[in-house]
Amino acid sequence: NRKGGSLMRGIKYGMPQLLELKDIEENIQFCEKIGLNFIELNANLPICQPDRINVRYLNRLKMQYGVEFTIHLPEELDLGHFNRREREAYLKIIEESIGIADRLGIKILNLHMNPGIHFTMPEQTVELYETYKQDYLENIKSCKEAINLFLGGTGVMIAIENTGIFDRPHIREAVEILLQSDRFCLTWDVGHDYCHKDCDHEFILKHIDRVKHIHMHDAKGTHDHLPLFSGEIDLDEVFNLVKGNNPMILLEVKTKEALIHSVAKLKEKIWINSN
């Protein structure tokens, strides 16, 4: 391993794109400088749109700095949407992202489950995906089949991230359907889990062997994305639960200062090399 590589064989550590750095190359240089292995390219950002990503350029930077990538898919993607044209548009975005990932040697595309629209009634809130669950789940099944075809012979996996909605039965059923395919896995966002009072926790632990990606950050109360070991989460427990899966661990803090602090703490904990 190059400097900062994991002591646990197969585990890689990464950082998100930082808004305080002007472009992808500056992010890559900083990633290499602090000894991390990969950067999460965020498809919500203008510079990470499929028509603006220069695969040849990024592959050159990848070779030059020894830094790899994951991709966080746009957060508004919705595989259960009732409108067929909208689902087709979302699937096209995923297909394009898989193509880019394959050419960059990317293994993980991170996906949020969309909670959908709710109606506020006089005495309750009605979630449409729950009310029309069969329609919703049929859409999930058909999207799973399409995505499996897109993935084809690539080495790419779709990692479904918990966002505080895995306590909803229809969402759990939808994720179970996706996990029937071995091309899907889970991202455990430990900060989301904590801030939503562990409502995702039971589902994650049930499928702990499918956790291949971690969004690691600390939290206090409902405030997350804190530097590692500066909050209330037992991050050592999380690490011990998943280290056997050789996951990719994203240090999901949002500033250079917070990343430097977090890497120093990981070295103290001997999660990663100190040389």
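The exercises below, each with a worked solution, concern a predicted model.

Local features need pLDDT of at least 70 and side-chain atom pairs count only at pLDDT 80 or more, while totals for chains, interfaces and linings use all residues. Residues are numbered from 1 along each chain as its sequence is written, and side-chain values use heavy atoms, with hydrogens and water left out.

**Exercise 1. Determine the strand order of the barrel and how strand 3 joins strand 4.**

Step 1. Take strands as DSSP runs of E with at least two residues, and helices as runs of H or I with at least four, numbered from the N terminus. Two strands pair if DSSP finds at least two bridges between them.

Step 2. The barrel is closed by eight strands with parallel pairing, in the order 1-2-3-4-7-8-9-12. On average, neighbouring strands of this sheet are turned by 30° against each other, direction ignored.

Step 3. Strand 3 (residues 68–72) and strand 4 (residues 108–112) run parallel and are joined by two bridges. Opposite Ile 71 stands Leu 109 of strand 4.

**Exercise 2. Describe the packing of helix 1 on helix 2.**

Step 1. Axes are lines fitted to C-alpha atoms, for helices over the stretch in contact, and angles between N-to-C directions run from 0 to 180 degrees. For helix 1 (residues 24–33) and helix 2 (residues 55–65) the angle is about 20° and the axes are 11 Å apart.

Step 2. Angles under 35 degrees count as roughly parallel, over 145 as roughly antiparallel, 65 to 115 as roughly perpendicular and the rest as oblique. Helix 1 and helix 2 are therefore roughly parallel.

Step 3. With contact meaning heavy atoms within 4.5 Å, Ile 24, Glu 25, Ile 28, Gln 29 and Glu 32 of helix 1 meet Tyr 57, Leu 58, Leu 61 and Tyr 65 of helix 2.

**Exercise 3. Describe the packing of helix 3 on helix 5.**

Step 1. The axes of helix 3 (residues 84–104) and helix 5 (residues 133–151) cross at roughly 25° and come within 10 Å. This pair is therefore also roughly parallel.

Step 2. Helix 3 contributes Arg 87, Leu 91, Ile 94, Glu 95 and Ile 98 to the contact, and helix 5 contributes Asn 139, Cys 143, Ala 146, Ile 147, Phe 150 and Leu 151.

**Exercise 4. State how many salt bridges there are and which parts the pair Lys 12 and Glu 68 ties together.**

Step 1. A salt bridge is a side-chain nitrogen of Lys or Arg within 4 Å of a carboxyl oxygen of Asp or Glu. The count is 10 salt bridges.

Step 2. In the salt bridge of Lys 12 with Glu 68, the closest N and O atoms are 2.8 Å apart. Lys 12 lies in strand 1 (residues 12–16) and Glu 68 in strand 3, so the pair ties together parts 56 residues apart in sequence.
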